[in-house]
Amino acid sequence: MVNFEEEALKLHKQNKGKIGIKSKININSKEVFSLAHTPGVAFACKEIQKNPDSIYEYTAKGNLVAVVTDGSSILGLGNIGSKAGMPVMEGKAMLMKEFADVDAFPICLNTQDTEEIISAIKNISPTFGAIHLEDIAAPKCIEIEKRLSDELNIPVFHDDRDGAGIVVSAALLNALKLVNKPIEKVKICINGAGAAGYGVLNMLMLLGAKNIIVCDRKGIIYKNRENDNLFKQEIADITNKDLITGNLKDAVNNADIFIGVSSSNLLDESMIRSMNEKSIVFAMANPVPEIYPDVAKKYGAFIVGSGRSDYENQINNILAFPGVFRGLLDARAKKITDSMKLAAINAIAESISDSELNPSYIIPSALDRRIAPLVSKAVFDAYKKEFNINKESDIYEI
């Protein structure tokens, strides 16, 4: 049997990481050297000085993404610091290159202060065409994304929030088709009120969900609950209209859908059995889910999904972020909007035809090479439609 830990460490050590930089120009003569570097590079510098937007024409900016972390919430490992988080950032960069030919670079910041993070990203932004926030703990990640989106003229995408919201929503749209339940009528329980839970909540509400209850470690979030921060108060304001109190067991009772972005082994047999008929369970804690998919099915769940690759219906952000960034960069977008996120959701969901759709196949494989181009085109087209762009040459004038 393969020792997965040993092999993973061997792969990273042998390759000294997962990414590198490759020159686009072969410096095979003095003439080429002179054109690409000195003195030729000065002409490109002067053009950009005259017309700052020409940086997209004369440099790699239009295909560069910064993958930024402060190391405060790495995978399921917690606050392990930015150095220890670098393998994850390299991995995101690797996947963007592999699936969407986007050049991304890990930026691991030596600070966990909100203002310092915002300042650092703003100061490096001239180099990049977009910013990918990754593994920054809630609630500060929400403020960081909002502030940067408002203050920068390049798109800012928080994968733990926006990526999770997109892929979970795509999977849920297809699952709801199979159970023949409209999203406006179902009861949804989201367990986990961090960045992913917040992102899923916002996307589902954009899709029309009305009855959502969110739980955190203290139980059900409700309006005027004591000692909640502004982030939790915002969740309370837009969910749980009946002011239900209690714990996860109370929230799951008579629910149609459970979405877990929390921690392991939280659901038991009685909770699954208390859900409505043809229940949908997305237990996405990694590596150990809130309940294992086969166990959830045994207790009556109709459709299950998880974050694991060894079970059906793996719900993985790789289906979203490579294509999203490809579309953003191709459009030279200034920001990502709700309509672009909804376009990405529909592109992923519609990649599975009605004839293919079944309880064990509600979302494409994480390695499905069709998806990034579909998402890219959907994001690109949504940008053109939202800003009333009729021809491609107009995109860069927004």
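This report walks through salt bridges, a pocket, a buried serine and some backbone features of a predicted model.

Because the model is predicted, local features need pLDDT of at least 70 and side-chain atom pairs count only at pLDDT 80 or more, while totals for chains, interfaces and linings use all residues. Residues are numbered from 1 along each chain as its sequence is written, and side-chain values use heavy atoms, with hydrogens and water left out.

**The annotated domain**

Let's start with the record. An unreviewed UniProt entry carries the annotation "domain: Malic enzyme N-terminal" for residues 16-149. UniProt positions appear here in the numbering of this model, feature names are shortened, and annotations may be inferred rather than shown by experiment. In the model, the span 16-149 is 46% helix and 12% strand, and its end C-alpha atoms lie 34 Å apart. Helices (H or I, at least four residues) and strands (E, at least two) are DSSP runs, numbered from the N terminus.

**Salt bridges**

Side chains of opposite charge can pair when their charged atoms come close. A salt bridge here is a side-chain nitrogen of Lys or Arg within 4 Å of a carboxyl oxygen of Asp or Glu, and the structure holds 29 of them. Three of these pairs are set out below.

| Pair | N to O distance | Separation in sequence |
|---|---|---|
| Arg 369 and Glu 98 | 2.9 Å | 271 residues |
| Asp 228 and Lys 218 | 3.3 Å | ten residues |
| Lys 297 and Glu 312 | 2.9 Å | 15 residues |

The bridge between Arg 369 and Glu 98 links distant parts of the chain: Arg 369 sits in the loop between helix H15 (338-349) and helix H16 (371-386), and Glu 98 belongs to helix H5 (residues 82-100). For burial, the cut-offs are under 20% relative accessible area for buried, over 50% for exposed, and partly exposed in between (1.4 Å probe, protein chains only). Arg 369 is partly exposed because its relative accessible area is 48%, and Glu 98, at 47%, is partly exposed too.

The bridge between Asp 228 and Lys 218 joins two loops: Asp 228 lies between strand E7 (219-220) and helix H10 (230-238), and Lys 218 between strand E6 (211-216) and E7. Asp 228 counts as buried, since its relative accessible area is 10%, whereas Lys 218 is exposed at 51%.

In the pair of Lys 297 and Glu 312, Lys 297 comes from helix H13 (residues 293-298), and Glu 312 from the loop between strand E10 (303-306) and helix H14 (321-331). Lys 297 is partly exposed at 34%, and Glu 312 is partly exposed at 27%. Elsewhere, Glu 115, Lys 122, Glu 143, Arg 147 and Glu 151 are joined into one network by salt bridges that share partners.

**The second largest pocket**

The second largest pocket encloses about 610 Å³ of space. On a 1 Å grid over the protein atoms alone, a pocket is an open set of points where a 1.4 Å probe fits, with protein on both sides within 12 Å along at least five of seven lines; lining residues have an atom within 4 Å of a point. Grid points are joined across faces, edges and corners, and the volume is the space filled by probe spheres set on the points.

The lining of this pocket has 22 residues, with Gly 20, Ile 21, Lys 22, Leu 64 and Asp 103 nearest its centre. H5 and strand E2 (103-108) each contribute at least two lining residues. By type, the lining divides into 13 nonpolar, four polar and five charged residues; Ala, Val, Leu, Ile, Met, Phe, Trp, Tyr, Cys and Pro count as nonpolar, Asp, Glu, Lys and Arg as charged, and the others, Gly among them, as polar.

**A buried serine**

Ser 279 occupies the loop between helix H12 (269-273) and strand E9 (280-283). Ser 279 is buried because its relative accessibility is 1%. Beyond neighbours within four places in sequence, Ser 279 is in contact (heavy atoms within 4.5 Å) with Asp 256, Gly 300, Ala 301, Phe 302 and Ile 303.

**Backbone features**

Two cis peptide bonds deserve a look. Ala 138 and Pro 139 are joined by one, with omega about 5°, and Pro 139 lies in the loop between strand E3 (130-133) and helix H7 (140-151). The bond from Asn 286 to Pro 287 is cis as well, with omega near 0°; Pro 287 is in the loop between E9 and H13.

Asn 240, although not a glycine, has a positive phi of about 50°. Asn 240 lies in the loop between H10 and helix H11 (248-252) and is buried at 4%. Asn 254, also not a glycine, has a positive phi of about 60°. Asn 254 is found between H11 and strand E8 (257-260), and at 43% Asn 254 is partly exposed.
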